[in-house]
Amino acid sequence: MQTFKFDYNNNLPKEAQDKFNEIAKAISELSKDIRVIAVTSSANQEGKTFVASQIAEALAQQDYRVLLLMADVRKTMTIEDKVTMGIIDVLSGKVNVENVIYDTDVEGLNVMFSGATKENENLNMDRQVYGVMLNCLKDEFNYIIVDMPTMGFTDNDEVFLKEADGGIMVIQPNSVAKRKIKNNLKIMEIYNCKVLGAVLNNR
């Protein structure tokens, strides 16, 4: 399978890189049971994919084997004008999980995309099947960083959060009411997803 060029770090200031390295170090110092980390937000365009990608890369640079799960099922990814297969296709039994894991040009970092199915907003994911997939992936990777959909924008928040060991909320200043953020943090706790913290993203 071809290598995916991982270019989320282009022109990132050193100060920002240092912050993501600090986050990665903090994650590595948590309980060894915290390996699947869901990254989400309360509104679109807050930069959760950017933050998830930076955390994944920083962990890989600390010599961990990391899988970035691009699990926002509202989005598809094309490589050479072809929509890539991924999570949705694995869960529907169309393809084996090992066939949709891409290498990247960052050593230790792999990526899996959402899948070839378009307009997945109303797709109800099977939590049990998703959990089985994660357990298989945990045999191969130290950490799985899940770029899940914005909370409240699909029907799958419960699946992603209950199957995660911890969660990170991405917040862009002045983009969402504090009440909404607090409510989403409570939802994470209700779904037994340990809140690891929040990342204030000014980018």
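**Exercise 1. Place Arg127 on the exposure scale, then find its salt-bridge partner and locate both residues.**

Step 1. Arg127 has a relative accessible area of 36%, so this residue is partly exposed. The model behind this value is a predicted one.

Step 2. Look for a carboxylate. The partner is Glu163, and the closest N and O atoms are 2.7 Å apart.

Step 3. Locate the two. Arg127 sits in helix 4, while Glu163 belongs to the loop between helix 5 (157-162) and strand 9 (166-171). The pair links distant parts of the chain, 36 residues apart.

**Exercise 2. Count the salt bridges and work through the one between Asp147 and Lys48.**

Step 1. Recall the principle. Opposite charges on side chains can pair when the charged atoms come close.

Step 2. Count. The total is seven salt bridges.

Step 3. Take the pair. Asp147 and Lys48 form a salt bridge, with 2.8 Å between the closest N and O atoms. The cut-off is 4 Å.

Step 4. Place the ends. Asp147 is part of strand 8 (residues 143-147) and Lys48 of helix 2 (residues 48-61), so the bridge ties together parts 99 residues apart in sequence.

Step 5. Check exposure. Buried means under 20% relative accessible area. Asp147 has 2%, so it is buried. Lys48 has 5%, so this residue is buried too.

Step 6. Widen the view. A network of salt bridges links Lys48, Asp72 and Asp147.

**Exercise 3. Describe the salt bridge of Glu140.**

Step 1. Name the partner. The side chain of Glu140 meets that of Arg65 in a salt bridge, at 4.0 Å from N to O.

Step 2. Locate both. Glu140 is in the loop between helix 4 (127-138) and strand 8; Arg65 is in the loop between helix 2 and strand 3 (66-69). The two are 75 residues apart.

Step 3. Add exposure. Arg65 is partly exposed, at a relative accessible area of 36%.

**Exercise 4. Classify two of the aromatic pairs by geometry.**

Step 1. Choose the descriptors. An aromatic pair is described by the distance of the ring centres and the angle of the planes.

Step 2. Count. The structure holds four aromatic pairs.

Step 3. Treat Phe20 and Phe50. Their ring centres are 5.8 Å apart and their planes meet at 85°, so the pair is edge-to-face. Phe20 lies in helix 1 (residues 14-28) and Phe50 in helix 2, so the contact ties together parts 30 residues apart in sequence. Both Phe20 and Phe50 are buried.

Step 4. Treat Tyr102 and Phe113. The centres are 5.5 Å apart and the planes are at 65°, so this pair is edge-to-face. Tyr102 lies in strand 6 (residues 102-104), and Phe113 in the loop between strand 7 (109-112) and helix 4, so parts 11 residues apart in sequence are tied together. Both Tyr102 and Phe113 are buried.

**Exercise 5. Give the disulfide count, then the exposure of Cys136 and Cys193.**

Step 1. Apply the cut-off. Two cysteine sulfur atoms must lie within 2.5 Å. The count is zero disulfides.

Step 2. Assign exposure. Cys136 is partly exposed, at 42% relative accessible area. Cys193 is buried, at 1% relative accessibility.

**Exercise 6. Examine the backbone at Asp63 and Asn192.**

Step 1. Read phi at Asp63. The value is near 75°, positive in a residue other than glycine.

Step 2. Place Asp63. This residue lies in the loop between helix 2 and strand 3, and is exposed at 72% relative accessible area.

Step 3. Read phi at Asn192. The angle is positive, about 60°, although the residue is not a glycine.

Step 4. Place Asn192. The loop between helix 6 (178-190) and strand 10 (194-200) holds Asn192. At 63% relative accessibility, Asn192 is exposed.

Methods: Residues are numbered from 1 along each chain as its sequence is written. This is a predicted model: local features need pLDDT of at least 70, side-chain atom pairs count only at pLDDT 80 or more; totals for chains, interfaces and linings use all residues. Side-chain values use heavy atoms; hydrogens and water are left out. Buried means under 20% relative accessible area, exposed over 50%, partly exposed in between (1.4 Å probe, protein chains only). Helices (H or I, at least four residues) and strands (E, at least two) are DSSP runs, numbered from the N terminus. Rings of Phe, Tyr and Trp (its six-membered ring) pair if their centres lie within 6.5 Å; planes under 30 degrees apart count as stacked, over 60 as edge-to-face and the rest as tilted.
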